[in-house]
Amino acid sequence: MSRLAHRARFGHALHAEWVKLRSLRSTWYTLACLFAVGLGITGLATGRAGEAYESASAAERLAWDPTERSLTAYLVAQLVIGVLGTLVVTSEYATGLVRTSLAVTPRRNRLLAAKVVVAAGVAAVAGQALMFATFLLGQALLAAQDVPHASLDDPGVLSAVVGGGLYLAAIALLAIGLGTILRATAGALTTLVGIVFLVPAVAGLFPAWLRGLLDFWPTQGAAAVVATVPNPAYPHPWLNLGGMCLGVTAVLVAAFVVFHRRDA
């Protein structure tokens with residue numbers, strides 16, 4: 001079969017997955033929740049920042065990072081966008097629609113690749129939009145309280161905002177991989193919560209030779225990309241984020257292998 005025919009069939013698979021994703025009420029509910037939660041947390045994080053800055057020590061004022069403060073919404077937003085990524089796969093297993101999808105697109109790798117591309121595109125757009133929205137809201141609230149704030153043309157600010165969006169997109173891809181491997185929404189989300197919250201919380205129990213993994217772990221080294229004040233523990237945040245993306249890629253590769261080999 002010619003490359004053109006392959007591209008046409010993959011294009012049809014992409015279109016079908018986009019139609020399915022946008023026709024689900026859960027997609028729009030999840031996106032609405034993403035922005036509501038994200039903006040709400042930003043309001044809470046920056047709404048009383050004036051009091052925190054006024055009582056801060058000299059060292060704390062030197063470490064003041066208005067950009068990171070306004071982007072802290074990523075902590076909860078990653079779970080919401082993880083729900084979106086998980087449902088792309090697990091919703092079809094829950095309803096049995098996966099058998100119909102495989103009948104229409106019998107090449108499993110093509111079907112899963114289409115799901116990954118569509119979900120990654122939606123997550124990237126939503127994640128970037130959320131990061132820009134939370135940054136602008138947060139800086140407006142900080143400026144209103146007459147405390148140091150930032151603008152997009154300040155050094156490191158734009159890369160932090162864009163990095164936050166890329167981080168959320170990577171979390172969505174991780175959720176797709178987990179959903180494919182586990183085939184259950186609850187199991188995939190529980191695993192995701194364990195990865196982003198539980199593992200960092202118990203990191204002190206790890207042997208020394210394992211602690212280096214935290215440099216590339218979600219909510220740890222990889223999340224340092226949203227800061228503009230250098231963190232001595234993570235001096236190269238984009239390298240940390242790149243390491244996390246390699247880990248997500250490994251999970252996706254495992255998902256493709258599992259999806260290809262087992263029954264629907």
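**Overall architecture and a nonpolar surface patch**

Along the sequence, the protein follows the pattern α-α-α-α-α-α-α-α-α-α-α. The radius of gyration is 20 Å, close to the 18 Å given by the globule rule for 264 residues, so the protein is as compact as a globular protein of that length. The model is a predicted one, and its secondary structure comprises eleven helices and zero strands. Taken along the principal axes, the box filled by the C-alpha atoms has dimensions of roughly 65 × 40 × 35 Å.

The contacts and the burial of residues were examined next. Of the contacts with a separation of 6 or more, 77% are accounted for by residues 24 or more positions apart. Buried residues constitute 41% of the 264 residues in the protein. The area exposed by the protein is about 13100 Å², and 68% of this area is supplied by carbon and sulfur atoms.

On the surface, Leu-75, Val-76, Val-193 and Phe-197 make a nonpolar patch of about 270 Å². Two or more residues of this patch are contributed by each of the helices α6 (74–95) and α10 (185–201). Among the patch residues, Leu-75 is placed in helix α6. The relative accessibility of Leu-75 is 34%, and this residue therefore counts as partly exposed, a class that lies between buried, under 20% relative accessible area, and exposed, over 50%.

Notes: Residues are numbered from 1 along each chain as its sequence is written. This is a predicted model: local features need pLDDT of at least 70, side-chain atom pairs count only at pLDDT 80 or more; totals for chains, interfaces and linings use all residues. Side-chain values use heavy atoms; hydrogens and water are left out. Patches are made of residues with over 30% relative accessible area and no salt bridge: like charges are joined within 9 Å, nonpolar side chains (Val, Leu, Ile, Met, Phe, Trp, Tyr) within 5 Å. Accessible areas come from the Shrake-Rupley method with a 1.4 Å probe; for residues, only the protein chains shown count as cover. A salt bridge is a side-chain nitrogen of Lys or Arg within 4 Å of a carboxyl oxygen of Asp or Glu. Helices (H or I, at least four residues) and strands (E, at least two) are DSSP runs, numbered from the N terminus. Buried means under 20% relative accessible area, exposed over 50%, partly exposed in between (1.4 Å probe, protein chains only). The radius of gyration is taken over C-alpha atoms; the globule rule is 2.2 Å times the number of residues to the power 0.38. Contact means heavy atoms within 4.5 Å.
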